[in-house]
Amino acid sequence: MKGRIVSGMRATGLLHMGHMAGALSNWVRLQDDYECYYFVADWHALTSNYADSANTAGYCYDTLLDWLSVGLDPEKCAIFIQSHVPQHAELGWALAMITPLGWLYRNPTYKEQIDNIKNKDLDTFAFLGYPVLMAADILLYRADRVPVGEDQSAHLELSREIARRFNHFYGEGLLVEPQALLTETPKVPGTDGRKMSKSYGNSLQISESPESVWNKLRTMVTDPARIKRSDPGDPNKCPVWDLHKVFNPDAAERAEIDAGCRSASIGCVDCKKKLNARIQEMMAPIHERRAKYARDRKLMDDILAHGAERARATARETMDILYPAMGLVPAFSR
Ligand code: TRP
Ligand code: SF4
């Protein structure tokens, strides 16, 4: 039997090429070898965006389109929206019973966000309980593996602790302790050399038009020592080079650029043009697929309905085991 995988992303809008080269390429690889559940976490998005939530549905479709365009296959994996599988919220409530508040207050991600995000009131029940809902997302499918980045390690550890405590009260083996499948990914730099991140405004979106990509590359800063075309440069001091390392698969061309930059035989504009050509080449089929889905809302809704149906079938199996174990009357009519 195939192992089971679950993972999600919050619905916060368009994804960028860092997501693509990182988490998503990993998800796509996994869909052949595992039974995969991938969901758009709209409840999680609301924990911090509840006061400004009107765009959430649009963000869900943006996320779905980005996923489909990079090659997630709805025939291979269950792709759905978290809130369409009510058992996420239901199990979240059950887990809330046994989760000590101290664990949540001690969560480093919580402390960090409370300290740093000042423009929103995050002093709410659901924001504190974020990891409880996340534990439910995972434990609902009794998944053994969760592909996540390093930034989610603390949350995953909490999921394991919650599973253990639940099993302690209601029965060993009821919930499966999930393992992180740490995504081994290149640190994808943005257009300013820092990590590509929405909040830095240095991203190239997956859906970004060819013109806009070129415009961003064209205006990137390079090695500051290369003032004139005849000045030699050092690729290691240049964010354009960082992007070549991730997005230019042609090692021979990269070696040529590396040498050409150091000897000033290649100019920065040509170097950027080469990078641009590689990125456009890589994105062309992705944009084609995106356009196909984008003009067919019915197709997207069918994919979501089908994915949620599959997810609910698995979720029901779990809840039917958990109810009697917790001393509740099983709701077999669900
Ligand atoms: N917290 C994750 C993030 O911010 C999103 C997420 C929600 C998730 N539920 C999950 C990831 C369950 C993996 C499994 O990226
Ligand atoms: Fe950067 Fe390329 Fe210019 Fe060298 S030639 S400084 S790597 S943009």
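A polar contact is a pair of N or O atoms within 3.5 Å. Keep that cut-off in mind as you look through these close-ups of a predicted model.

**Figure 1. The whole chain, before we zoom in, has 14 helices and five strands.** Along its principal axes, the C-alpha trace spans about 80 × 40 × 40 Å. The chain has 334 residues, and 47% of them count as buried. Take the contacts between residues at least 6 apart in sequence: 77% of these join residues at least 24 apart.

**Figure 2. Here you can meet the residues around ligand 1.** Early in the sequence come Ser-7, Gly-8 and Arg-10, followed by Phe-39 and His-44. Further along you will find Tyr-130, Met-134, Asp-137 and Ile-138, and then Val-146, Val-148 and Gln-152.

**Figure 3. This view shows polar side-chain atoms beside nitrogen atoms of ligand 1, with Gln-152 as one of the residues involved.** The distance from a polar side-chain atom of Gln-152 to a nitrogen atom of the ligand is 3.0 Å. This pair counts as a polar contact because the cut-off is 3.5 Å. Tyr-130 has a side-chain N or O atom 2.7 Å from a nitrogen atom of ligand 1. For Asp-137, a polar side-chain atom also lies 2.7 Å from a nitrogen atom of the ligand.

**Figure 4. His-44, one of the residues around ligand 1, takes centre stage in helix 2.** That helix covers residues 42-49. Is His-44 buried or exposed? His-44 is buried, because its relative accessible area is 2% and buried means under 20%. The side chain of His-44 makes a polar contact of 3.3 Å with the side chain of Gln-82. If we leave aside neighbours within four places in sequence, His-44 is in contact with Arg-10, Gln-82, Tyr-130, Leu-133, Met-134 and Asp-137. Look back at Figure 2 for some familiar names: Arg-10, Tyr-130, Met-134 and Asp-137 are also among the residues around ligand 1.

**Figure 5. Our last stop is ligand 2, whose space is the largest cavity.** Which elements give two or more residues to the shell around ligand 2? They are helix 11 (239-247) and helix 13 (268-294). Cysteines in the surroundings are Cys-238, Cys-261, Cys-268 and Cys-271. Thr-222, Asp-223, Arg-226, Val-240 and Trp-241 also surround the ligand. Sorted by class, the shell has six nonpolar residues, one polar residue and two charged residues.

Notes. Residues are numbered from 1 along each chain as its sequence is written. Chains are lettered from A and ligands numbered from 1 in the order in which they are written. This is a predicted model: local features need pLDDT of at least 70, side-chain atom pairs count only at pLDDT 80 or more; totals for chains, interfaces and linings use all residues. Side-chain values use heavy atoms; hydrogens and water are left out. Helices (H or I, at least four residues) and strands (E, at least two) are DSSP runs, numbered from the N terminus. Buried means under 20% relative accessible area, exposed over 50%, partly exposed in between (1.4 Å probe, protein chains only). A polar contact is a pair of N or O atoms within 3.5 Å; within protein, one must be able to donate a hydrogen and the other to accept it, and residues adjacent in sequence count only if both atoms are side-chain atoms. Contact means heavy atoms within 4.5 Å. A residue is near a molecule or strand if one of its heavy atoms lies within 4 Å of it. On a 1 Å grid over the protein atoms alone, a cavity is a set of points where a 1.4 Å probe fits but cannot get out, and a pocket is an open set with protein on both sides within 12 Å along at least five of seven lines; lining residues have an atom within 4 Å of a point. A molecule sits in a cavity or pocket if more than half of its atoms lie within 2 Å of its grid points. Ala, Val, Leu, Ile, Met, Phe, Trp, Tyr, Cys and Pro count as nonpolar, Asp, Glu, Lys and Arg as charged, and the others, Gly among them, as polar.
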